[in-house]
Amino acid sequence: MSEGGEGLHLVWARRVAAALADCGARHVVLSPGSRSTPLALAIAEEERLSLSVVIDERAAGFVALGQARVTGLPSVLVCTSGSAVAHYHPAVIEADAAGVPLLVLSADRPLELQSTAASQTIDQVKLFGSHVRRYVDLGVPDEPAMASLARMIASAHLAALGPRPGPVHVNARFRKPLEPVGEGRAEDGGRRAPAIFLPRLQASDDAVMELASRVRAAKRVVVAAGPAWGTAEPARARAERLRAAARVFARAADAVVLAEVTSGLAATGSDEEPSALGALGPMVDCLAPADLLVQIGRPPVASRFGAYASRAGARVVVVDGEAADPDASADVWLVGDAADLLGRAAARLASLGPGDGAQGRRAFADSARGANARLAEAVLREIGGGELTEPSLAHDLVSRLPAGAFFLPGNSSPVRDACAFGSFAMKDITVIHQRGAAGIDGLFAGLAGVRHAAPAGSPVVALVGDVSALHDVGSLAVLASAPGPCVCVVVDNGGGRIFEELPVARTKAGQAHLERLFLTPPPGGAVGALASALGITFGRVDSRRAFAAAFEAALASGAPAIIEAAVTAEASRAARARLRAAFEAGRE
Ligand SMILES: Cc1ncc(C[n+]2csc(CCOP(=O)(O)OP(=O)(O)O)c2C)c(N)n1
Ligand SMILES: [Mg+2]
């Protein structure tokens, strides 16, 4: 028998591919290599798996993240042995922190080649340390183990899905020859992977009662929704479920729902809304402290949220990811799916009656509705005019998103601006964010991944900073081949302007070194030249009108496009100051 057994590698790899598909995996992102040959061939043959090929494993990792964020299913990453695997690490870290399912399937050498100076051979065992939910070593293909192979894959897939979704590392070893030998002659004595039915993390009746009782006694109830956790459920369905439950709860509790864009909960705040659905950041400056603050999702992005939360009478954190309580100020952790908990608490409130605080809550909700309307008006007024600034850009972009679109606000200022100035314009859109580890990395790749997994007719749009764009130029080739309407708006504001807001920028040393050490303004024209070279439509705009025209044209083109929006830091600063003053004036 040859080193690998005749045909055994391919039969083994086919069993892996079939098991992945049986478990429900849909997307595979493969980076080329030799050691992964059996896996590559088997996956290409498996018709139930949709395969993308991405050369750079770092980009591939973020493509898979984008896909998984849309589908709620682990996307599968396949690569060769050696440093290739390590390039997945940033995406694995983000998946871990955000709770996004991901399955890394790395090819490896057999154990006897470890520490022998064999080429492309490194120690891949538990390479991602505590950042993965589980490490599984499949060993080398082996006929007696074939019967257990599908089960091993199913267990890994299950660990990626829950109880808390996240990354899993499966290491698959192969001996040479890697190419098919005597194809198909080895017996596939394997079994199919089991079908998996997942539970939903349900809060206990005690937790539901605790929330309902606290609401009944409170006079000012606020639900603050920060970035949504990753999920083993399609992003759109999950957001709809949460939105519906929050509405029912808000109506039953007369609660004020402060939802930032990243929560998936933000909505129009129209008259039909029974609750005051408002932009979290500006609103916290307008509201009296809550008696009862219920936080769902991750800690909100708005920097002023912490101060508002610290004044709350009681703070309840709904734990359906990690216990999101970084400043250790929560009084209660209610563990369970947020939508389930809010929906059941609303039903409990209906049966118990509104309690002593009902009148106060109604008055508070009315005043919040008024404040929200005034803030929305202030945004429209102060953002007005033709000047393209960071606030007007974020607002215009969110307003122009077609219903059904997927939107990715990049980290640093874009996500903050989208939350502060875009929340007033939210419609039926699905927001995908990268707030797990809040990296500025992989945003072009993530956008391409969302494009792969989103329905063909749904436009996909991102807003990213200029430094973030330069950080991920390696992924432009991936973006270039993304199928369908896919628009990335890059904010050219002369570098990482968020650093100007940090205390260091107000120190003498910080000022002396601000540009070189922090702002790092990217070379003008670089992203445009690279994008054009790769066949991505590129345009640069410097007014609101030009942005509107370029954006509509890019959406209509049905192909990947980058729009560079030139804004000056001064004009954006002035716009922010005007808006802040208007918000102050809008307080009661
Ligand atoms: C991978 C990674 N590296 C570095 C950082 C630190 N960082 C945070 S914001 C930022 C600058 C971002 O600049 P840009 O994308 O232009 O956004 P702006 O601040 O101008 O809104 C950097 C380098 C990070 N968050 N992630
Ligand atoms: Mg910038």
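Which helix gives the most residues to the shell around ligand 1? That is α16, with four residues. Helices here are DSSP runs of H or I with at least four residues, numbered from the N terminus.

Before going on, a word on the model: it is predicted, so local features need pLDDT of at least 70 and side-chain atom pairs pLDDT 80 or more, while totals for chains, interfaces and linings use all residues. Residues are numbered from 1 along each chain, chains are lettered from A and ligands numbered from 1 as written, and side-chain values use heavy atoms, without hydrogens or water.

Let's start at ligand 1. Its shell holds 18 residues (each with a heavy atom within 4 Å), and the closest are Ser412, Ser413, Asp466, Ser468 and Gly495. Both α14 (413–422) and α16 (466–471) supply at least two residues of this shell. Some polar contacts (N or O pairs within 3.5 Å) stand out by name. A polar side-chain atom of serine 413 is 2.6 Å from a ligand oxygen, and a backbone N or O atom of isoleucine 498 lies 3.0 Å from an oxygen of ligand 1. A ligand nitrogen, in turn, is 3.1 Å from a polar backbone atom of isoleucine 440.

Now look at the largest pocket (an open set of points on a 1 Å grid where a 1.4 Å probe fits, with protein on both sides within 12 Å along at least five of seven lines; lining residues have an atom within 4 Å of a point). Its volume, the space filled by probe spheres set on the points, is about 710 Å³. Among its 27 lining residues, Ser303, Arg304, Arg416, Asp417 and Arg576 are closest to the centre. Helix α21 gives the largest share, seven residues.

Technical notes
Polar contact = N/O pair within 3.5 Å; in protein donor to acceptor, adjacent residues only side chain to side chain.
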